Amino acid sequence: MGKLAIVAGLLMLKLPAWVSALWYLGRRTQIDGNTLDAKAQLICSVVNRVRGATTEEITPEISRTQLATFSKVLGGGPTPVDDVTDMTVPGPAGEMPARLYRPRNAKSGPLPILVFYHGGGWIQGDIDTHDEPCRKIANASGGLVLSIYYRLAPEHKFPAGVDDCLAGFRWVRDHGNEIGADTNHIAVGGDSAGSNLSIVVCQELARLGETGPGFQLLIYPATDARMQTKSYDLFDDGFFLTRERINWYLHLYLNDFEAQKTDTRFSPVYTEDISNQPPALIITAGFDPLRDEGKLYHEALLAAGVSSEYKQFDGMIHGFINMAGTLSDGVAALDLSGQRLKEAWQN
């Protein structure tokens, strides 16, 4: 696809959904009983050509630029909130950048808070790529959102990101009153790698006997490095997130993949007892290699006696909350996230 065709494809994404549906009339992708959303199908077509290089040719810097571009073009916003404050919180290797969102029409007094960890395969993503999702979640939940920028691989290998995310939560738990947070009502959450880190934070705090969050928001979580689920086979290529990319992320994140792949701070599915975990909302996409491991973790929580709600957006692809300016289901997923946070905090 040439540059002109790519520009044309991106412009089509700005048109009403029925235009994409008409464009793909009779050519909609259907797999495993689900039909790919027409705009998501167009995104896949454009992205597959924009990326170009294989993982043998790409660099972390290029991948970071790509994600930043996709988020800016497809994400929409910025959604107005009452206040946005860039700040830092102490981490194990120094001060960590963070961004605090105060929702529109916020009530007076301390507010409940979501500690948010961005996705990006542990090597990309930042506060800016996930600015719009955090804004929408803040407004929908009525609570504060603190987005933490943890150290990324390959410059900072596992478990640097884990250590940073634990430090971020602990600071909110112990000092959240300094930023107007109700420290009796703290949740953690994130998408993809950030969702993985959210699970790990919950599990590690429970293992250490520390006070942890009261709720976890898990959006297409990565939980199992074995990559052996049905959804990996069905969606290994062509649907935004590929098996090749995931494998590349994992090997950049870890110092020794074979030796560390079963570490519960990386593959939390290996934790034997999860009965002490907080309630969860788990959101997945129907055309995502990570789909099945998200559902399997939901089922594991239920089997352990933990309250968990599972919601699959059947026609969506990985990363769709970062495409909320283009995909209406991205907005719906963020609204649902905010609503469930609000309900958890009220209870």
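**Exercise 1. Determine how many cavities of 30 Å³ or more the structure holds, and characterise the lining of the largest cavity.**

*Solution.* Step 1. In this predicted model, the structure holds 1 cavity of 30 Å³ or more. Its volume is about 390 Å³.

Step 2. The lining comprises 37 residues. Gly121, Ser192, Leu241, Tyr249 and His318 are the ones that lie nearest the centre of the cavity.

Step 3. Helices H4 (60–75), H7 and H9 (243–253) each contribute at least two residues to this lining. The largest share, 6 residues, is that of H4.

Step 4. Sorted by class, the lining residues of the largest cavity are 18 nonpolar, 14 polar and 5 charged.

**Exercise 2. Describe the lining of the largest pocket and identify the helices that contribute to it.**

*Solution.* Step 1. The largest pocket has a volume of about 240 Å³ and is lined by 18 residues. Nearest its centre lie Ser71, Asp128, Thr129, Asp131 and Glu132.

Step 2. At least two lining residues come from H4, and at least two from helix H5 (131–141). H4 thus recurs here, having also supplied residues to the lining of the largest cavity.

Step 3. The pocket lining consists of 5 nonpolar, 6 polar and 7 charged residues.

**Exercise 3. Establish which parts of the chain are tied together by the salt bridge of Arg64 and Glu155.**

*Solution.* Step 1. The structure holds 20 salt bridges. In one of them, the side chains of Arg64 and Glu155 meet at 2.8 Å, N to O.

Step 2. Arg64 belongs to helix H4, whereas Glu155 sits in the loop between strand E6 (144–148) and helix H6 (160–175), so the pair ties together parts that are 91 residues apart in sequence.

**Exercise 4. Give the strand order of the open sheet of 8 strands, and locate helix H7 with respect to its strands.**

*Solution.* Step 1. The order is E3-E4-E6-E5-E7-E8-E9-E10, and the pairing is mixed. Strand E3 (83–91) and strand E10 (308–317) are the edge strands, each pairing on one side only. On average, neighbouring strands of the sheet are turned by 20 degrees against each other, direction ignored.

Step 2. Within this order, strand E7 (residues 181–191) pairs with strand E8 (residues 215–219) in the parallel sense over 5 bridges. Ala187 has Phe215 as its bridge partner in E8.

Step 3. Helix H7 (residues 193–207) lies across strand E5 (111–117), E7 and E8. The helix runs at about 135 degrees to E7.

Technical notes:
Residues numbered from 1 in each chain as written. Predicted model: local features only at pLDDT ≥ 70, side-chain atom pairs only at ≥ 80, totals over all residues. Heavy atoms only, no water. Pairing = 2+ DSSP bridges. Helix = DSSP H or I, 4+ residues; strand = E, 2+ residues; numbered from the N terminus. Axes fitted to C-alpha atoms, helices over the stretch in contact; angles between N-to-C directions. Contact = heavy atoms within 4.5 Å. 1 Å grid on protein atoms, 1.4 Å probe; cavity = no way out; pocket = protein on both sides within 12 Å on 5 of 7 lines; lining within 4 Å. Points joined across faces, edges and corners; volume = space filled by probe spheres on them. Nonpolar A, V, L, I, M, F, W, Y, C, P; charged D, E, K, R; others polar. Salt bridge = Lys/Arg side-chain N within 4 Å of Asp/Glu carboxyl O.
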